[in-house]
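Student: I have just opened this structure and would like a friendly tour. Could we go through it together, one question at a time?

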Amino acid sequence: MCGIVGYVGSREATPVLINSLKKLEYRGYDSAGIAVFTGEDILVRKAKGALKVLEERIAHETIRGSLGIGHTRWATHGEPSDINAHPQTNVSGSIAVVHNGIIENYARLKEWLQAQGVVFRSQTDTEVIAHLINYYYEESGDIFQAVLQTLARLEGSYALGVICRDYPDRIIAARKDCPLVVGLGTGENFIASDVPALLEYTRQVYFLNQKEVAVLYTDHVDLFTENGEKVVRDPYHVDWDVSSAEKGGYEHFMLKEIHEQPKALTDTLRPRIVKNGSGEPVDISFDEVKFGDEWKHAGRIVICACGTAYHAGVVAKYAFEKFARIPVEVDTASEFRYRNPILLENDIFITVSQSGETADTLAALRLAKEHGTRIIAITNCVGSTISREADAVIYTWAGPEIAVASTKAYTTQLACLYLIALKTALVRGALAESDFRLLLKELLDLPDKLQLLLDEKAVIQKFASRQFNKSKIFYIGRQFDSATCLESALKLKEVSYMHSEAFNAGELKHGPIALVDPTTLVAAIATQPDLYEKIGSNIVEVKTRGAATLVITQDTSGAFKDIADEIIQLPPVSSAFSPILAIVPAQLFAYYCAILRGNDPDKPRNLAKSVTVE
């Protein structure tokens, strides 16, 4: 994933480009660059490293011009370097391109262009685009047609921003399988990979559709299909607060977003839970999804996602099967798309993606659609590709999530999945209405209970200060808790770089216990009361081998009092809903371990916010 921006208007372009790139740096940070039309030529400046390296490089340089494009890169083709940084240009430097995505046939195109006498300077697939546009431009003398002809030859994914010295009044933008937003200002217009880059300047946007092309001028924007046919539609008004894309006084976005979870849960849950005249919750209402006969007679639920979203799906499997008594299959999207999956006519396919742009998840959605399966998408991003291609979409309403490691995206995904599971249980007659209403009330109480955990974060911070140097961390749990362990271990390895794994607690003696020694921390998640005794036995087993132990539990009977080194007490909640609470101490532990180890939790090494390429 990379971040691209563009500006055309009357201001100096460089400050706008740099400022916008700062809002997108989470999308890639191994190099950055800008290209600005100065009135005579296109001036390119780029640098390996974080955006601040580029800022330092141009700090004492005056770059005049009101048309430009910029890029922050997460490398795919070619190692991070000044040469491989974007923008990439044609040989003469008269055409500049920024690109997010992967051109799968770049090697064939490069070989063909080299046969035409083109000399390449970088290892990137993006440079192929610049030279290909130049080839067609020399043929037609029309930059727009040259871009369209180039797009027709590209295989793979792209979001593009293109400027040409001979056309100093416009930016050409296009997208396929990668997000791109057009911002509409007064006497100025913008492009960006994501909305936060635009909020300081405008709230009126176009979310470009698949294979759409936009031409931005100072006073208007034209939209086209890939064939050059004009498209007319109304812009979308973004109502996010500017502050929601900023740290808001917290040291890091990750900590801010952990603390935003009570509000994010409230925003996701309350509009969908219907209350009667007495204020009691009585039903679940989705404007996005109609729970008709297809849900009543569905034979199976298939959930497909990647990473954190996949872990939300694993929790949902337990919830659907517990409440609705319907079989559920959960698969990682990267496996689903290659294993010739069996999809039945009465299946319901649920795909989960924070960004709505995850490449493998999108491919799995399209495969399921080819089989005629009903597609439900859960995403946080309005206008994302997955949200547009699904039969119905449920937005998590978590607000912008800037840190690479997902926190509030995960808990709001769980909230949506719980709502769907409960509604499915009701329409299938698998849950008594009285029990249904009690569970709704518990869901509405979760934000306040989550806040109680956040108020006690100092306990977790202190524990992290004693454990951040452990060489192995094992999370163990059973049933719902085993699913929470998966996400807990992922968070820790993502931001702290500590080796962490998740095991079903019953599997501990089937191999993992061989790794336990005094350099190990074993964290047990225990929210299923009928299994406390068994979890307690597991803790004793690892303690006798020298491991430090942590228990995250809602037990108040003292079941773990004398056997655990540290107990994190959860507020009381039904075991089925415990994953929303139990993950919070694990998120905080991961955050504090990262800080103690000198890491930047917002930008963990080798990771990007959304994997928009395979």
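Student: Which residues of α14 do Q261, P262, L265, T266 and L269 in α7 meet?

Tutor: First, a word on the source: this is a predicted model, in which local features need pLDDT of at least 70 and side-chain atom pairs count only at pLDDT 80 or more, while totals for chains, interfaces and linings use all residues. Residues are numbered from 1 along each chain as its sequence is written, and side-chain values use heavy atoms, leaving out hydrogens and water. Helices (H or I, at least four residues) and strands (E, at least two) are DSSP runs, numbered from the N terminus. With contact meaning heavy atoms within 4.5 Å, the α14 residues met by those of α7 are L443, P447, L450, Q451 and L454.

Student: How are α7 and α14 oriented to each other, parallel or antiparallel?

Tutor: Helix α7 covers residues 261–269 and helix α14 residues 433–455, with their axes 8 Å apart and an angle of about 175°. Axes are lines fitted to C-alpha atoms, for helices over the stretch in contact, and angles run from 0 to 180 degrees between N-to-C directions. Angles over 145 degrees count as roughly antiparallel, under 35 as roughly parallel, 65 to 115 as roughly perpendicular and the rest as oblique. The two helices are therefore roughly antiparallel.

Student: How many residues of β18 are buried?

Tutor: Buried means under 20% relative accessible area, exposed over 50%, and partly exposed in between (1.4 Å probe, protein chains only). On one side of β18, R300, V302 and C304 are buried, and on the other I301, I303 and A305 are too. For strand β18, residues 300–305, the count is 6 of 6.

Student: Which residue in β20 stands opposite C304?

Tutor: Two strands pair if DSSP finds at least two bridges between them. β18 and β20 (residues 347–353) pair in the parallel sense over 6 bridges. Opposite C304 in β20 stands T351.

Student: Which strands stand at the edges of the open sheet of 5 strands?

Tutor: The order in this parallel sheet is β24-β23-β25-β26-β27. An edge strand here has a single partner, so one side is left without a neighbour in the sheet. The edge strands are β24 (500–504) and β27 (566–569).

Student: Which helix gives the most residues to the largest nonpolar core?

Tutor: A nonpolar core is a set of buried Ala, Val, Leu, Ile, Met, Phe, Trp, Tyr and Cys residues joined through side-chain atoms within 4.5 Å. The largest one has 95 residues, and F320, I350, L422, L443 and Y475 touch the most other members. With 13 residues, the top contributor is helix α18 (residues 578–596).
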